[in-house]
Each structure stands twice: as C-alpha cells, then as structure tokens.
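Biologist: Please take me through the model shown below. I shall ask about its interior and about how its elements are arranged.

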Amino acid sequence: MSAIPWIGKDLVEFEPLENGFIYSNIVELSLLPVIGTVNSKAANKIKLRTEEEKLETLKISKSFLAMLVGLIDGDGYIAITKTPKDYIRIDLVISLDLSPGRATSHPSGMMPPARGRDIDLLNYIHSVLKVGRINKYPKSNLVKLTIPRTDLQTILFPLFIYHNLYFLTETRRAQYDKVLFILQSNLKKYSELPREFPVCNNLPVTASGYSELDFFKNWTVGFTMAEGSFFMKNNKDICFSLKQRTHELLFEAFRILFDTKAPRGRPARPEGSGAAARALAKINNFDGYSQFMVSSVKDIQTVVNFFSFSDLHPLVGYKLTQYQVWLNQIQEHPRYRNINLP
C-alpha cells in the first residue's frame, strides 16, 4: 500500500534538500511530506484525523521543533530494533530523570547536571505534538516519551524536513540518517539492513558553521534542558555549563554563541584568585566528555541575556526551575548582583 496523503497530491520524488538527500515515495501534505510507506492499519488512523488536526500540526512553531531537536540530541535516541519475526521496529525515545531535583553545587563544577521532575517537560512536548505515549519506570527513576514509527513518518520527521532541521551530534545524526533510509527505501526486515547508510545531513565543518545555523539558538535551549546546568560552586562562583560526549566543533560553537574569549585548553583556574582568575570561559575535554563552562560577570550576563531576553523558546520543566533558583542566587550575590535580570 502506498503512503496515504492527508492533503494534496502524490509525489513521485521530492526535491533535494539543502543537505543533498532525495526522498522518493513521499506525498505532499500541504507542503509537509509523509516519508515512505504507511501500513494499512496506521493509514486508517491517519484518515480519521480531522482537517483541523492536520492544520494544527502545520502550525507547530520552528522554535519549538528546534528546541526539541536539541533536547533529543541530549536526552533522546532513535531505537531501531528487531522483532521476534525479524521486522524492523522504530521508535524515538526521550528518557528523563524522575528523581527529585536540587540545585547543583560542587567545588569543581564537573559533575553532571541534576535533572528531576522532568515529567512536566515530557507532558508539555506531548501536548504540543499530540503523538506518542508517556510511561513511568519507578524502579529505574525514569520517565519516557516514546514516539512510534507511524508518527515519525507522518508528523515529526516531515516537520523536521519541512523546516530544514536536523540533529547536530554525531550519534543522533547517524541514527536519523539510518531511519530515513529505512523509511524511504521501505525496508521491512531487519536482516535486509545494509552495513552502511547514506548521509542525508552533512554536519558543519567549522565551529562558526554550527553557530550560524538559523536554528542553533533554539537548539541550544533544548540541549541545555538535557545537558546544561545553572549552579553555584562551593567557592560561590555562579556558573553555567554544558556537558556531553566530546564534540570539539560543537562545543567551540558554544563559545561563539555566548561570546566568550578565553583560549581553549587553559586550566580551570590559574594560580591566584580574584576576578581575572575566575573570568576564564573554558572548554574541558576529559574521559571522553566535553564541558563548556563560564563564571565571569560578563559571561553570566550573556547567559542571562540569551535565556531571558532573546525571544527564544523558553526553558521548560525542571531546567526552568533550576534557572529561576540560579537567578535568585545571582541577585543575592555581591559580585553578580548588578547583572541585569528579568
């Protein structure tokens, strides 16, 4: 059975995207393509969707979707698994912490960001997309939003393509490329999967290439909700950090985005103390991870401007709570109290 259009006419071929991948067997959905072949049972559900529901899908903002891509790059994955009968199962999963959160305070600032009460974030995403299911796993302290294959084919990935959004970490990009190839090629059996898959989205080759992407700022908001932390260290430095597996160009792009000047590779703190010693905006690479961290008054003002005064998608869920506590810490701190706050 061929893919079922909601609105519009069948297309034999979709024009190449900016990054060079051609999608055949795609149909137009008021400029929104449906990727690959939808099975008959799922197609019946698509037919039941009202015109209003279809149009509401098209109204989902690019800022929300870019934020979502950043969140998935940090705390999501695209699972491609084998069923007992050798069929391919595809799900996109966002997995977050259920444990109670608390403001992070650590003398080195190198600990992972604390994440708690994140079910509010998944409920928000679900309310906008209106796809997928949310499940709690109390034994592992996790809550997951799982979006199945058909919703990826007909809603989420077509929206990404329509807005020219794609993942910016190597792992998630490879998963996305693999899934798009499977859907576009109508592969059904896991044993049919090739060893290599074509690249449909070429990542930037320079740090500025990342920072200049039109969706990078909102992507950073989502990535911050997954991998960011607003905290005060035990020595009372106010800090903002982003941490994930090593990705040099991406983390250098954060330096550009937040307009930090310290040269890469400087130590966490030179000998001595005072403002000059604390003003380093650094990228640390250790144990396969990269961390971008700032603590100077100037840099913290830039971070506040970014998250509070830049007309971007707002922080949501626990990360918003952590940010609000952090703003209060800034307001009460003698060194940072002159920062312009919302």
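Biologist: Which residues have the most contacts inside the largest nonpolar core?

Modeller: This is a predicted model, in which local features need pLDDT of at least 70, side-chain atom pairs count only at pLDDT 80 or more, and totals for chains, interfaces and linings use all residues. Residues are numbered from 1 along each chain as its sequence is written, and side-chain values use heavy atoms, with hydrogens and water left out. A nonpolar core is a set of buried (under 20% relative accessible area, 1.4 Å probe, protein chains only) Ala, Val, Leu, Ile, Met, Phe, Trp, Tyr and Cys residues joined through side-chain atoms within 4.5 Å. The largest such core has 83 residues, and those with the most contacts inside it are F157 and W326.

Biologist: Which helix gives the most to this core?

Modeller: Helices (H or I, at least four residues) and strands (E, at least two) are DSSP runs, numbered from the N terminus. With 8 residues, the element that gives the most to this core is helix 3, residues 62-75.

Biologist: Which residues does F157 touch, leaving aside those up to four places away in sequence?

Modeller: Contact means heavy atoms within 4.5 Å. Not counting residues up to four places away in sequence, F157 touches I35, I78, L92, L152, Y176, V179, L180 and L183.

Biologist: In what order do the 4 strands of the open sheet lie?

Modeller: Two strands pair if DSSP finds at least two bridges between them. The pairing in this sheet is antiparallel, and its edge strands, each pairing on one side only, are strand 4 (76-82) and strand 6 (133-137). The order is 4-5-7-6.

Biologist: What angle does the direction of helix 5 make with that of strand 7?

Modeller: Axes are lines fitted to C-alpha atoms, for helices over the stretch in contact, and angles run from 0 to 180 degrees between N-to-C directions. Helix 5 (residues 149-162) packs on the sheet, touching strand 4, strand 5 and strand 7. Its direction makes an angle with that of strand 7 of about 80°.

Biologist: Is H126 buried, partly exposed or exposed?

Modeller: H126 lies in helix 4 and touches V131, G132, R133, I134 and L145, not counting residues up to four places away in sequence. Exposed means over 50% relative accessible area, and partly exposed is the range between buried and exposed. Because its relative accessibility is 28%, H126 counts as partly exposed.
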